[in-house]
Amino acid sequence: MDTFSHALWGKALFGYRKYLYLPILFGAAPDLIPFIPNLIYKLINGNFSYGKPSIESIPGWVFVTYDFSHSLITGISLVLILYFFGKKDLAFAALAWPFHTFVDSVSHSKEFFATKIFWPISDYQFDGVSWGRPEVWFTNLILLIIIFYYRRRTPLIISWTPMLSKLFKRKKS
């Protein structure tokens, strides 16, 4: 799945308690950890290009950091560490990380960045359906719209009319 959708899923599912926006970062972090340094590396070396790169052009260290950041062991360990140190609300927000891993395990094919969900214990990879296929991408988009619509703070008709919005705004709980 694309990084932006992961960030939105983090917010949609885990961004409604104390930490409203941190789940966006936790949802995107597994992709940001390997690919931001790779982007910087390519920019410095003058190898940057748009579009999907060939597997051969990606340095080996990117795959290692990808495997680390996309392991359920990494994500669940982070959640458990936060939980056991008494940061229960932060641990809830951090659930966006293992959710990212789970979604990628079924939305990446073995052809391009298959997710080793139990790395470093196992190199098992599920041959998922690519998130780039229209039926997967549009389903993702529709589900995100439904969840954000359901979680909205004010009724939709009121939010479209500024004067009514001020009169009928729901109280924050």
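At what angle do H1 and H6 pack, and how far apart are their axes? The legends below take this pair in turn with its neighbours, and everything shown belongs to a predicted model.

**Figure 1. The whole chain is built from helices.**
Welcome to the overview, a good place to get your bearings. The secondary structure of the protein chain amounts to nine helices and zero strands. Followed along the sequence, the pattern reads α-α-α-α-α-α-α-α-α. The protein chain has 173 residues, and 36% of them are buried. Among contacts with a separation of 6 or more, 60% join residues that lie 24 or more positions apart. The exposed area of the protein chain is about 11100 Å², and carbon and sulfur atoms supply 69% of that area.

**Figure 2. Helix H1 crosses H6 at an oblique angle.**
Here is the reply to the opening question: H1 and H6 pack at an angle of about 125°, and their axes are 10 Å apart. An angle between 115 and 145 degrees falls outside the roughly perpendicular and roughly antiparallel ranges, and H1 and H6 are therefore oblique to each other. The crossing of this pair is right-handed. On the H1 side, the contact is made by His6, Trp9, Gly10, Leu13 and Phe14. Facing them from H6 are Ala96, Phe99, His100, Val103 and Asp104. Sorted by class, the residues of the contact of H1 with H6 are six nonpolar, three polar and one charged.

**Figure 3. Helix H1 (residues 3-14) also packs against H2.**
The angle between H1 and H2 is about 150°, and their axes lie 6 Å apart. H1 passes H2 in a right-handed crossing. From H1, the contact draws on Thr3, His6, Ala7, Gly10, Lys11 and Phe14. From H2, the partners are Pro23, Ile24, Gly27, Ala28, Asp31 and Leu32. The residues of the contact of H1 with H2 comprise six nonpolar, four polar and two charged.

**Figure 4. Ala7 is a buried residue of helix H1.**
Zoom in on Ala7, which has its place in helix H1. Is Ala7 buried or exposed? Its relative accessible area is 10%, and since buried means under 20%, Ala7 counts as buried. Setting aside neighbours within four places in sequence, Ala7 is in contact with Pro23, Ile24, Gly27 and Ala28. Ala7 and Ala28 are 21 residues apart in sequence, yet their C-alpha atoms are 4.9 Å apart in space.

**Figure 5. Helices H1 and H7 run roughly parallel to each other.**
H1 and H7 pack at an angle of about 30°, with 10 Å between their axes. Angles under 35 degrees count as roughly parallel, and that description therefore applies to H1 and H7. H1 passes H7 in a left-handed crossing. In H1, the residues taking part are Ser5, Leu8, Trp9, Lys11, Ala12 and Leu13. In H7, they meet Asn140, Leu143, Leu144, Ile147 and Phe148. By class, the contact of H1 with H7 has eight nonpolar, two polar and one charged residues.

**Figure 6. Helix H3 packs against H2 and H6 through its buried residues.**
Which residues of helix H3 are buried? In this helix, spanning residues 60-69, they are Val62, Tyr66, Asp67 and Ser69. The buried residues of H3 pack against helix H2 (22-45) and helix H6 (96-107).

**Figure 7. The loop between H6 and H7 holds Phe112 and a cis peptide bond before Pro120.**
Our last stop is a loop. Phe112 lies in the loop between H6 and H7. With 22% relative accessibility, Phe112 counts as partly exposed. Not counting residues up to four places away in sequence, Phe112 touches Lys52, Pro53, Ile55 and Ile58. Phe112 and Pro53 are 59 residues apart along the chain, and 9.9 Å separates their C-alpha atoms. Pro120 is also found in the loop between H6 and helix H7 (134-150). The peptide bond from Trp119 to Pro120 is cis, with omega near 10°.

Technical notes. Residues are numbered from 1 along each chain as its sequence is written. This is a predicted model: local features need pLDDT of at least 70, side-chain atom pairs count only at pLDDT 80 or more; totals for chains, interfaces and linings use all residues. Side-chain values use heavy atoms; hydrogens and water are left out. Buried means under 20% relative accessible area, exposed over 50%, partly exposed in between (1.4 Å probe, protein chains only). Helices (H or I, at least four residues) and strands (E, at least two) are DSSP runs, numbered from the N terminus. Contact means heavy atoms within 4.5 Å. Accessible areas come from the Shrake-Rupley method with a 1.4 Å probe; for residues, only the protein chains shown count as cover. Axes are lines fitted to C-alpha atoms, for helices over the stretch in contact, and angles run from 0 to 180 degrees between N-to-C directions. A crossing is left-handed if the near helix is turned anticlockwise from the far one by less than a right angle, and right-handed if clockwise. Ala, Val, Leu, Ile, Met, Phe, Trp, Tyr, Cys and Pro count as nonpolar, Asp, Glu, Lys and Arg as charged, and the others, Gly among them, as polar. Angles under 35 degrees count as roughly parallel, over 145 as roughly antiparallel, 65 to 115 as roughly perpendicular and the rest as oblique.
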